[in-house]
Amino acid sequence: MISPVSSPQHCPTPRELDDLELIVSGAAPVASFGTPGSPLTLTLPDALAGEPVVELVDPEGLPLALVHLEADGARRVEPLTTAQHGPFRRLHLTPAEVRAQHAGRTVVPVTGPVTDDQLAQLTGLGPLVLLALVGHGTPDLSPVALLRATLRVAADLPDAVVVAVPLAAHDDAEADHDLGVQVTAAYAGGPGGDRVVGLVEAGEPLASLDDILEADQPAPDRQGLVLFFTGLSGSGKSTLARALVDRLLEQGLRTVTSLDGDVVRRNLSAGLTFSRADRETNIRRIGWVAAEISRHGGVVVVSPIAPFAETRAQVRDMVDEAGGAFFLVHVATPLEECERRDRKGLYAKARRGEIPEFTGISSPYEEPEDADVRVDTTGRTIDDALGDVLDALAEAGYADLRVAAPQPVVPERII
Ligand SMILES: Nc1ncnc2c1ncn2[C@@H]1O[C@H](COP(=O)(O)OS(=O)(=O)O)[C@@H](OP(=O)(O)O)[C@H]1O
Ligand SMILES: Nc1ncnc2c1ncn2[C@@H]1O[C@H](COP(=O)(O)OP(=O)(O)O)[C@@H](O)[C@H]1O
């Protein structure tokens, strides 16, 4: 056998880590990734695809399992350790642990906030195991909020325990439903085991859960927000971003961070060049910081060129993952106008060949097709151009930063 030390390492995606836990705990009906017909799959980088053994590690590098390449291409899982932290880890029991500790109870899968009708149903079912199906990409509530909400409901029932099961979504509703049924059956002890009852799909989420739901899925005007300006050098990104930051500060309702392209390049991304790879690194760094700020409900305004669609999409995904909103502003001032402005004299230098890989001249700019608003600043005042951004922001429900029209001055009456 190949020793773990010599196997190459790979950190799976959050969805794959959930699947791994499901396989290792014995809750899944399979012992491998990639079993035909199973949604539990693992995508390895091309360089590792043919490796006989790969070690899976968590994001901090803790080895979790070895995956062995089988003749049919599936990856058999050999567990090394189970994940030890994460909120409510103590509620993550295996089917065997549930059988040992809680046999004889009715098993009820829970996928969302319990409603008033569901509470009435639960009240008549006797001792319960509430199986909170938490997992990456599940709708309605984040995993941690679903557990918080289910625990609160359990506390109000005569005899209910809560167990967390990392059942992630795989973009295939039917396969996920089948998997959910199989996993629930495993917790109930299979045929001849405990009763499984599905919750009725009726009623309104319990009012007692309001604070948990609001904190988890804040209204758009309280959600973390990444305002991402992209466009050519000299298009007006920094100017508009700065004006927008001022409006946010004047309104004073949100915490605001500004990550201007040039400022980032002097700090967070010092030393990076303008090669494609370094630009991608630069944007991913900005995206990472912005996503973290949005995770805490803050507003962050960023204004790099960000010339590549794929990297911008990665940032959108990072922000989405963190629970923030991503708002893309394409400052679509044409190259001729940017070059005419040439505020920093860079276009002239680039034309003379003194700056290699200059965006728009000798390096590409991929126009966004997914912008929330597109602003060409040519021949317009800054306030006028900013108005387009503010209108779009308000329409999207994220923030209304439009200044009310000045009140007409009433002339004083002369007595
Ligand atoms: N080769 C090349 N191409 C484009 N821009 C260049 C280059 N070299 C230096 N500069 C200056 O760097 C600013 C762009 O940096 P960014 O970090 O926003 O670029 S990127 O998003 O990583 O592509 C950009 O600033 P802005 O004018 O504010 O956009 C330029 O002033
Ligand atoms: N309507 C407008 N909106 C934004 N900038 C404008 C506008 N009209 C002219 N400009 C000028 O264009 C230049 C844009 O520079 P900057 O904001 O630094 O662009 P970028 O950050 O995209 O490189 C500034 O000199 C700004 O005063």
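Which residue takes a positive phi in the hairpin of strand 4 and strand 5? That would be Gly73, with a phi near 90 degrees, in a hairpin that has five residues between its strands. Keep in mind that this is a predicted model. Here's a quick tour of some strand pairing, one buried phenylalanine and the surroundings of ligand 1 and ligand 2.

**Strand pairing around strand 5**

- Strand 5 covers residues 75-79 and pairs with strand 2, residues 32-33, in the antiparallel sense over two bridges.
- In that pairing, Ser32 sits opposite Arg76 of strand 5.
- Strand 5 also pairs with strand 4, which runs over residues 63-69; this is antiparallel again, over five bridges.
- Here Leu69 faces off with Arg75, which stands opposite in strand 5.
- As a bit of background, side chains in a regular strand alternate between the two faces of the sheet.

**Phe327 and its contacts**

- Phe327 belongs to strand 12, which spans residues 325-331.
- Is Phe327 buried or exposed? Phe327 counts as buried because its relative accessibility is 1%, and the cut-off for buried is under 20%.
- Leaving out residues up to four places away in sequence, Phe327 touches Leu225, Val226, Leu227 and Phe228, along with Asp372, Val373, Ala392, Leu393, Ala396 and Tyr398.
- One of those contacts, Ala396, is 69 residues from Phe327 along the chain, yet their C-alpha atoms are separated by 9.1 Å.

**Ligand 1**

- There are 21 residues surrounding ligand 1, and the closest are Ser233, Arg265, Arg279, Ala306 and Glu357.
- If you're after polar contacts, start with Ser233: an N or O atom in its side chain is 2.6 Å from an oxygen atom of ligand 1.
- Lys344 joins in through its side chain too, with an N or O atom 3.2 Å from an oxygen atom of ligand 1.
- Thr359 uses its backbone instead, placing an N or O atom 3.4 Å from a nitrogen atom of ligand 1.
- On its own, ligand 1 exposes 630 Å², and the protein buries 92% of that.
- Which elements give two or more residues to the shell around ligand 1? They are helix 7 (237-251), helix 8 (261-266) and helix 9 (276-295).
- Helix 9 gives the most to this shell, with three residues.
- Sorted by class, the shell around ligand 1 has ten nonpolar, five polar and six charged residues.

**Ligand 2**

- Ligand 2 has 16 residues around it, and Gly234, Ser238, Thr239, Arg343 and Arg380 come nearest.
- Two backbone contacts are worth a look: a polar backbone atom of Ser235 is 3.2 Å from an oxygen atom of ligand 2, and one of Gly236 is 3.0 Å from an oxygen atom of ligand 2.
- Ser238 contributes through its side chain, where a polar atom lies 2.6 Å from an oxygen atom of ligand 2.
- Taken alone, ligand 2 exposes 570 Å², of which the protein buries 83%.
- Helix 7 and helix 13 (382-396) are the elements that give two or more residues to the shell around ligand 2.
- Which element gives the most to that shell? Helix 7 does, with four residues.
- The class breakdown for the shell around ligand 2 is four nonpolar, eight polar and four charged residues.

How values were computed: Residues are numbered from 1 along each chain as its sequence is written. Chains are lettered from A and ligands numbered from 1 in the order in which they are written. This is a predicted model: local features need pLDDT of at least 70, side-chain atom pairs count only at pLDDT 80 or more; totals for chains, interfaces and linings use all residues. Side-chain values use heavy atoms; hydrogens and water are left out. Two strands pair if DSSP finds at least two bridges between them. Buried means under 20% relative accessible area, exposed over 50%, partly exposed in between (1.4 Å probe, protein chains only). Contact means heavy atoms within 4.5 Å. A residue is near a molecule or strand if one of its heavy atoms lies within 4 Å of it. A polar contact is a pair of N or O atoms within 3.5 Å; within protein, one must be able to donate a hydrogen and the other to accept it, and residues adjacent in sequence count only if both atoms are side-chain atoms. Accessible areas come from the Shrake-Rupley method with a 1.4 Å probe; for residues, only the protein chains shown count as cover. Ala, Val, Leu, Ile, Met, Phe, Trp, Tyr, Cys and Pro count as nonpolar, Asp, Glu, Lys and Arg as charged, and the others, Gly among them, as polar.
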